[in-house]
Amino acid sequence: MTSYDLVVRGKRIMTTAGEQPREIGVTAGRIVAIEPLGNALDGARVIELADDEVLLPGLVDTHVHVNEPGRTEWEGFASATRAAAAGGVTTIVDMPLNSIPPTVDVAALEVKRKVAEHQAFVDVGFWGGAVPGNLGDLRGLHDEGVFGFKCFLLHSGVDEFPPLDADEMERDMAELATFDAMMIVHAEDSRAIEKAPTPHGARYDTFLRSRPRGAENLAIAEVIERARWTGARAHVLHVSSSDALPMIATARRDGVRITAETCPHYLTLFAEEIPDGATTHKCCPPIREASNRELLWEGLLDGTIDCIVSDHSPSTVELKLLDSGDFGLAWGGVSSLQLGLSLVWSEARRRGIGLAQVVQWMASKPADLVGLRSKGRIALGYDADLAVFAPDAAYVVDPDRLHHKNKVSAYAGRSLSGVVRRTVLGGRDVDVTGEPHGRLLRRGSVERVTGAVPGEMPGPTDDQG
């Protein structure tokens, strides 16, 4: 009888065919056996799921601001990846800005990798940045394994990561198209925001008017047309305006290579309930009205929005200006890396949406987006990145119990469904109090998937956010 490094048994294993009673055999960090429950696979270690637990693939969060080095007091690789693991996230992709230096050339990428390599409790990949003047650095970053390139179409919030105008973005897209790299875009139009009311004071509705839907819609239209003209792959970050969804759907039908994401805060919060002075809720683009939120959910269900990622954008407590509550001056960003699964599941189940669909949005589809072809699914040949999840358990969010470096949360006191009880990375339990064993990922380095289970494994397919 074959003996595996790890065997997981349970009545509820989230395979690619849905929840099934299965036994999973893991060797050398990969899933190498999937058998019906009762086959008594032999393992050096065995995890027996409780009746109220579901085994999920580890989530993949492709939109995380770790901020180290340079602004490590905001967050850092150790604290961010502990938070990820506690929330069932086993892979993150780090954004190129808010760290100093930003990841806009190979030297800066190497600095970031050296800082991260001994601190990662989950697997970590990196985005590159596209800024004025670094066109000649894009191919080098691509060859060094970044997963794509981020740009802004307005001020990013930090001076060391300046924005591109639409023509510069098109030029960079044309370059990226020559080696099939993806441009990911913070899409808000700077001219529209300059003409909007100036944000000031503690009233949330004043802040909301300062970042109108029109600014987002105009910028997304630019992304679509520049992607159409260049043939480049483009991805719209943190979609908050439901107005843009028909444009994205139409462009996709036309053959434009465009994808889109949204975030838990746009799906679970809405403007009408945000108290004045609650700068914990400030983010850009902003949390919009309840009616807008409903349309974002429709966009997920009809496939216009591809995936849900955190846009975890932390800062120090002081920068949130909790005492004055001034939305014009406070740092914009919502910290939710540890909470994303529970947030989305709580809202999804209320709408009658199943856990399998949530897993697609938060695991398999983000993995597909960045080409991580051995992550995001429980299937043969995939990494044994797993989360033991109790979907009916409940808890109340206590910011002091989060692993985020700064204990600030827009969800403080909120009751949520779904508790992550255990996280496994490459077949090994993640102990957030112990030694980290996460890997640094390069684009293309973990793409090979072997083996198949008929009916259970699909074939691999060729912020302030």
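In the predicted model, the second largest cavity holds about 70 Å³ of space. Its lining is formed by Leu59, Val60, Asp61, Val89, Pro264, Ile308, Val309, Ser310, Leu337, Gly340 and Met362. Strand β6, residues 59-64, makes the greatest contribution to this lining, with three residues. Sorted by class, the residues around the second largest cavity comprise eight nonpolar, two polar and one charged.

The largest cavity contains about 90 Å³ of space. Thr280, Ser313, Pro314, Ser315, Lys320, Gly333, Val334, Ser335, Asn406, Val408, Ser409 and Ala410 line the largest cavity. Seven of these lining residues are polar, four are nonpolar and one is charged. In the lining of the second largest cavity, by contrast, eight residues are nonpolar and two are polar.

Among the open sites, the second largest pocket has a volume of about 360 Å³. Its lining consists of 14 residues, of which Gln338, Tyr395, Arg401, Leu402 and Val419 lie closest to the centre of the pocket. Strands β15 (386-396) and β16 (415-425) each provide at least two residues of the lining of this pocket. The largest share, three residues, is supplied by β16. By class, the lining of the second largest pocket includes eight nonpolar residues, together with four polar and two charged ones.

With regard to strand pairing, an open sheet is built from six strands in the order β9-β10-β11-β12-β13-β14, and the pairing is parallel. The edges of this sheet are β9 (128-129) and β14 (307-308), each of which pairs on one side only. Strand β13, residues 258-262, is joined to β14 by two bridges, and these two strands run parallel. Within the β13 and β14 pair, Glu261 stands opposite Cys307 of β14. In a regular strand, side chains alternate between the two faces of the sheet.

An antiparallel arrangement is found for β2 (residues 18-27) and β3 (residues 30-36), which are joined by six bridges. Gly25 has Ala33 of β3 as its bridge partner. The two strands, β2 and β3, form a hairpin with two residues between them, and Ala28 in the turn adopts a positive phi of about 55°.

Two loop residues were examined individually. Gly303 is located in the loop between α10 (290-301) and β14. Because its relative accessible area is 25%, Gly303 is classed as partly exposed, the interval for this class running from 20% to 50%. The C-alpha atom of Gly303 is separated by 9.8 Å from that of Trp361, a residue 58 positions away along the chain. Leu372 is located in the loop between α12 (355-370) and β15. Leu372 counts as buried because its relative accessibility is 2%, and the cut-off for burial is under 20%. For Leu372 and Ile305, which are 67 residues apart along the chain, the C-alpha separation is 19 Å.

At the level of annotation, the unreviewed UniProt entry assigns residues 54-428 to "domain: Amidohydrolase-related". Over residues 54-428, the chain is 33% helix and 17% strand. The C-alpha atoms at the two ends of this range are 18 Å apart.

Methods: Residues are numbered from 1 along each chain as its sequence is written. This is a predicted model: local features need pLDDT of at least 70, side-chain atom pairs count only at pLDDT 80 or more; totals for chains, interfaces and linings use all residues. Side-chain values use heavy atoms; hydrogens and water are left out. Two strands pair if DSSP finds at least two bridges between them. Helices (H or I, at least four residues) and strands (E, at least two) are DSSP runs, numbered from the N terminus. UniProt positions are given in the numbering used here, feature names are shortened, and annotations may be inferred rather than shown by experiment. On a 1 Å grid over the protein atoms alone, a cavity is a set of points where a 1.4 Å probe fits but cannot get out, and a pocket is an open set with protein on both sides within 12 Å along at least five of seven lines; lining residues have an atom within 4 Å of a point. Grid points are joined across faces, edges and corners, and a volume is the space filled by probe spheres set on the points. Ala, Val, Leu, Ile, Met, Phe, Trp, Tyr, Cys and Pro count as nonpolar, Asp, Glu, Lys and Arg as charged, and the others, Gly among them, as polar. Buried means under 20% relative accessible area, exposed over 50%, partly exposed in between (1.4 Å probe, protein chains only).
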